[in-house]
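This report looks at how aromatic rings are arranged relative to one another and to charged side chains. Please keep the sequence and the model in view while reading.

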Amino acid sequence: MTIPPVPYDIAPSPAAGLSPEEQQFNDLIAADSRIEPRDWMPEAYRKTLIRQISQHAHSEIIGMQPEGNWITRAPSLKRKAILLAKVQDEAGHGLYLYSAAQTLGITRDEMTDALIAGKARYSSIFNYPSPTWADMGSIGWLVDGAAICNQVPLCRASYGPYGRAMVRICKEESFHQRQGFEILLELMNGTDDQRAMAQESVNRWYWPALQMFGPPDDDSPNSAQSMKWNIKRFSNDELRQRFVGMLVPQAEVLGVTLPDPDLRWNEEKGVYDMGEIDWTEFHEVLQGRGPANARRLQRRRDAHENGRWVREAAAAYARKQAHASTGTALTETAVA
Amino acid sequence: MSAPGASEKEVWPLWEVFVRSSRGISHTHVGSLHAPDATLAVRNARDLYTRRNEGVSIWVVPAEAITTSDPDAKGAFFESPAGKNYRHASYYSKSEGVKHL
């Protein structure tokens with residue numbers, strides 16, 4: 001029996017007020033409950049989620065590259081194993097998120113195609129290169145640290161599958177940040193050259209990591225709606241502020257200097273005052289003009305293209321096995 | 001209607017994954033993945049959902065093979081238990097204070 005899909009695009013008739021479906025959606029959001037895949041939802045809610053979850057998934061997948069770059073050159077077998085585990089986690093996080101996005105009616109292939117065609121966005125942070133081993137420390141400490149700060153509130157996102165994916169991701173992510181911190185700490189306890197390498201790396205990653213929270217609140221047009229829908233729980237600036245508050249004491253333990261001369265405690269407000277973020281750079285990188293955009297996308301495209309024969313061969317083999325087990329004849333059209 | 005997320009348009013079908021976290025506990029749905037066949041679905045599920053000893057047993061089910069309740073009829077479909085609070089122990093209050101009841 002075929003049951004028709006949920007008609008999620010029923011517009012409420014203005015005369016009759018809200019449709020019962022929309023009323024139910026609003027009630028669920030007001031009660032801070034969860035929306036599940038087959039529930040009616042406003043088209044804009046669905047689109048916002050598809051955009052956000054798929055961008056998030058793409059970020060995890062592209063995010064494998066800056067660290068994958070160091071797997072063969074990690075300084076010890078232990079570090080190599082840790083880095084492999086971390087990169088494997090990131091692949092996993094991408095897959096959890098793609099699955100969550102698929103429940104909204106987009107296919108995995110559509111998302112992959114959009115990414116490799118350069119039509120989809122991912123976090124601008126992954127368009128920076130990772131030339132030194134200390135970058136593995138900075139990525140873990142600053143980049144994963146910022147990601148965790150962003151992601152913990154997303155565990156309570158109103159869309160059920162997204163929240164559940166985020167719970168799993170957050171559990172796994174905490175090792176990422178700690179191992180990064182440990183890499184930097186080891187370097188800071190090392191030779192002068194190692195300390196300089198750690199500091200130079202922190203200098204490069206600090207500002208891009210702060211940009212990961214997105215543009216300032218007064219320049220973030222979608223934020224207010226996302227907060228009304230309980231997708232987003234805190235504003236970009238709030239999360240950024242919270243992150244800096246956590247970084248300062250951690251930087252003291254490490255003995256690194258955060259590269260912001262205007263960073264100082266504001267007794268009155270109870271938060272750290274920060275210097276101006278270079279939003280021109282943020283927008284440039286987002287528009288594809290960052291130091292590694294082209295390289296990252298080309299790498300992903302190549303991996304997808306080079307893997308095509310494997311995907312197709314596996315699918316053909318599966319069809320052949322299915323036919324063999326049911327005893328049906330395998331025709332040319334069946335394998336085509 | 002099959003589980004959400006399945007599409008006939010994709011090269012590899014979608015599988016729903018269920019993991020038994022330890023002996024004595026039933027398999028619980030943990031998520032989904034794409035795989036060309038059941039053997040690879042189990043293998044991928046191990047790599048994707050049990051990287052940290054989360055399970056001792058895995059089930060994979062083609063998402064297409066799952067039949068769900070009609071999402072449009074959810075109210076009516078689950079109506080029958082409503083108003084039947086005599087099915088819960090808390091309905092019976094007269095035994096309050098009596099031991100072992």
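Which residues do ring pairs link into a cluster? In this predicted model, the cluster that ring pairs link together is made up of A:Phe25, A:Trp40, A:Tyr45 and A:Trp229.

Over all chains, the structure holds 14 aromatic pairs. Among them, the rings of A:Phe25 and A:Trp40 have planes at 80 degrees and centres 6.0 Å apart, and the pair is therefore edge-to-face, given that plane angles over 60 degrees count as such. This pair links distant parts of the chain, since A:Phe25 belongs to helix H1 (residues 20-30) of chain A, while A:Trp40, 15 residues apart from it, lies in the loop between H1 and helix H2 (43-62) of chain A. Both A:Phe25 and A:Trp40 are buried.

An edge-to-face arrangement is also found for A:Trp279 and A:Phe282, whose values are set beside those of A:Phe25 and A:Trp40 in the table below.

| Aromatic pair | Centre to centre | Angle between planes |
|---|---|---|
| A:Phe25 and A:Trp40 | 6.0 Å | 80 degrees |
| A:Trp279 and A:Phe282 | 5.2 Å | 90 degrees |

A:Trp279 and A:Phe282 both lie in helix H11 (residues 279-289) of chain A, where they are three residues apart, about one turn of the helix; A:Trp279 is buried, as is A:Phe282.

Charged side chains also meet aromatic rings in this model. The charged end of A:Arg168 sits over the ring of A:Tyr96, at 5.5 Å from the centre of that ring, and A:Arg242 lies over the face of A:Phe234, 4.3 Å from the ring centre.

Note on methods: Residues numbered from 1 in each chain as written. Chains lettered and ligands numbered in written order. Predicted model: local features only at pLDDT ≥ 70, side-chain atom pairs only at ≥ 80, totals over all residues. Heavy atoms only, no water. Phe/Tyr/Trp six-rings, centres within 6.5 Å; stacked < 30°, edge-to-face > 60°. Helix = DSSP H or I, 4+ residues; strand = E, 2+ residues; numbered from the N terminus. Buried < 20%, exposed > 50% of the residue type's maximum accessible area, 1.4 Å probe, protein only. Lys NZ or Arg CZ within 6 Å of the ring centre and 35° of its normal.
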